[in-house]
Every structure is written in C-alpha cells, then in structure tokens.
Amino acid sequence: MTTLEGDLDMRPALSTILMICLLLVPWKASAIFDSGSDGSDGSFTPVSNTVVDLGLAGSGPGSGTYDPDLWAVVFNFTDVTIPAGVTITFANHPSGAPVVWLVSGDVTVEGTINISGQPHSNPNSPGPGGFAGGSTSIRTRGFGPGGGGFPISFRGSGASYGGYGQSVSGSSRFPPYGNEQILPLIGGSGGAPAGGAVSGGIGGGAILFAAAGTLTVIGPIVANGGNAKSSGSYGSGAGSGGGVRLLATHLEGNGSISASGGAA
C-alpha cells in the first residue's frame, strides 16, 4: 500500500503493487508542509550500501528515537540524499516498529530504499512494521492482522493487506486491513505455514517520509512481502506487501514504489 501527498509531478512505474492510493493535496505555492523535524539526527547522505540498525535508536545523533506510543522509530533529519547505486536496508528494532523519517529540508532518492525484510536470514525477519510468517514447529498461523490461517491441507493461504491473500482450500485467512492514509503506519502480514516445517512468507515493512521541502523519487522504494516456500508436496502462503507513505511540500520524479505481496 502506498500513499503520496503534495504537489504531484510523478510518473510512477508502479507494477504488481498491492494497493496504490493517491491523495492529491492541492498545496498553494506559498504553502509549506511542516514535517515536524527538529533536525537532531542531522543530514543523512550515505555514499555506500548501508544497513540502518533500528536497534540503535536513542544511542546518539543519527540513530533516531523509538517512540513506544507511536510504535515507530522516528528520525529527525535536516536533509536526505540516497545517491544512485546505493541501497538502504534496515535491521529491526526489538519491538518490530516501522520507520518514520521527518525531514526539515529536501529528500532525494536516486538509489534504492528496501524495507522488504530479510527473507533469507535465520529466522526470517519481516520488514520493520511487518509481521512474521506462521511456523509449523509451534503451529501458529501467519502473524499480523491479515495473517494466513494454519492449513488443514498441505498448503497455507497467503496474507491479506489492502486485498485478500491467496485462498487455499482448507486454510482460513483474515480479511484485508488498512486504509488510504496508512494510519496507523503498519506493514504486511505473514503467510500461513504448511506441513514439513515450511514456514509462511514474511510481511513487507512500513515507512513514512515527511519532507518540508521537495521529495524526489528517482530510484525504487520497495516494501514487498516474502515469497511462499515449498518442500515436496507442502507449500506455505506468501506474505503481504507493506506500506509506503510520502508527504511533502512537492513530490517529483519518475521512480517506482512497490508494495507487492510475495509470489505464491
């Protein structure tokens, strides 16, 4: 699920997206969006691939702050520039909270911001604000408000978010959740597991960009859910895509924003 707000000059290449909701706010030329950033985390301008460790929140300038009331790791930047060829990924906060970037100036994304999670880690780690896939070892359904149900048959259902996940006979599933404004800020849910110790796919993460200046998206912003898994005749359900919300005085660029569910 993605939401864009502000003056829109974006020609998005939005393919296989779980849900795209465009809220076009007709800002007057003199109107300036107040991001709320106090600039305490300074400028974020990485020059190489960077893993932002959300578990370091509160450890000093640049690390952000965990807000338990918002259930979010909040960064207060002065400006953000992600150069072409640079990829930003995230390591989860212990709470699993989503990410909020408040920026007092401009944001330029020429590289890649990937909040999809780490499907090949051990255990599988959903994106920040997303939820884990179900486990066969402790017989749980997919986690999150749209998690796939524990299967009766050999295959589990996919997780829901803006729409229903893949239905599988004999496997229950929760209905879709979320809204156009992505409030509360929340990521994707986990898919149902299957027998043979095949865990469900993970949910994509959730991120909010709020820029007082111009937010330019040239490179991709990715919050995809994890793919389903199989072992012999057993197959789990895929995780649902996460959420991306963009707010700014001006929005520009022709980059892609993806919040797709995983492949069944």
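Here are some questions and answers about this predicted model.

Q: How many helices and strands make up the secondary structure of the chain?
A: Let's start with the overall build. The chain has 264 residues, and buried ones make up 52% of them. Its secondary structure comes to zero helices and 21 strands.

Q: What share of the contacts with a separation of 6 or more is between residues 24 or more positions apart?
A: One ring pair gives a taste of such links: Trp101 and Phe209 pair up while sitting 108 residues apart. Across the chain, among contacts with a separation of 6 or more, the share from residues 24 or more positions apart is 72%.

Q: Over which residues is the pLDDT below 50?
A: The chain as a whole has a mean pLDDT of 84, with 80% of its residues reaching 70 or more. One stretch falls below 50, though it still has 71 contacts in the model beyond near neighbours in sequence. That stretch is residues 4-30.

Q: Is the ring pair of Trp101 and Phe209 stacked or edge-to-face?
A: The chain has eight aromatic pairs. In the one formed by Trp101 and Phe209, the ring centres are 5.4 Å apart and the planes meet at 85°. Planes over 60 degrees apart put a pair in the second class, so this one is edge-to-face.

Q: Which strands hold Trp101 and Phe209?
A: Both residues are tucked away: Trp101 is buried at 1% relative accessibility, and Phe209 is buried at 2%. They also belong to a ring cluster that includes Phe44, Phe75, Phe77 and Phe90. Trp101 is in β9 (residues 99-103), and Phe209 is in β16 (residues 206-217).

Q: Which element gives the largest share of the largest nonpolar core?
A: That core has 31 residues, and Phe90, Trp101, Ile113, Phe209, Leu215 and Leu246 have the most contacts inside it. Elements giving two or more residues include β6, β8, β9 and β20. The largest share, five residues, comes from β16.

Q: How many residues are in the second, separate core?
A: This core stands apart from the 31-residue one. Among its members are Phe33, Val74, Ile186 and Leu208. Its count is 14 residues.

Q: Why is β9 largely enclosed by the rest of the structure?
A: Look at where its side chains go. Val99, Trp101 and Val103 point one way, while Val100 and Leu102 point the other way. Residues on both sides are buried, so β9 is largely enclosed because its buried residues number five of five.

Q: Which residue of β16 stands opposite Val100?
A: β9 pairs with β6 in the parallel sense over five bridges, and there the bridge partner of Val100 is Val74. β9 also pairs with β16, again parallel and over five bridges. In β16, the residue opposite Val100 is Leu208.

Q: Which strands stand at the edges of the open sheet of five strands?
A: The order in this sheet is β4-β8-β11-β17-β21, with parallel pairing. An edge strand here has a single partner strand, so one side of it is left without a neighbour in the sheet. The strands that fit are β4 (50-53) and β21 (257-258).

Q: What is the bridge partner of Ile88 in β11?
A: β8 and β11 (residues 112-114) pair in the parallel sense over two bridges. Within β11, the partner of Ile88 is Ile113.

Q: Which residue follows Leu183 across a cis peptide bond?
A: The bond in question has omega near 0°, and it runs from Leu183 to the residue we want. That residue lies in the loop between β15 and β16. It is Pro184.

Q: Is Ile182 buried or exposed?
A: Ile182 is found in the loop between β15 and β16, and its phi is near 55°, a positive value in a residue other than glycine. Its relative accessible area is 2%. Buried means under 20%, so Ile182 is buried.

Q: What is the relative accessibility of Trp71?
A: Trp71 has a positive phi of about 50° although it is not a glycine. Its place is the loop between β5 (65-67) and β6. Trp71 counts as partly exposed, with a relative accessibility of 25%.

Terms used:
Residues numbered from 1 in each chain as written. Heavy atoms only, no water. Helix = DSSP H or I, 4+ residues; strand = E, 2+ residues; numbered from the N terminus. Buried < 20%, exposed > 50% of the residue type's maximum accessible area, 1.4 Å probe, protein only. Contact = heavy atoms within 4.5 Å. Phe/Tyr/Trp six-rings, centres within 6.5 Å; stacked < 30°, edge-to-face > 60°. Core = buried A, V, L, I, M, F, W, Y, C linked by side-chain atoms within 4.5 Å. pLDDT = per-residue confidence, 0-100. Pairing = 2+ DSSP bridges.
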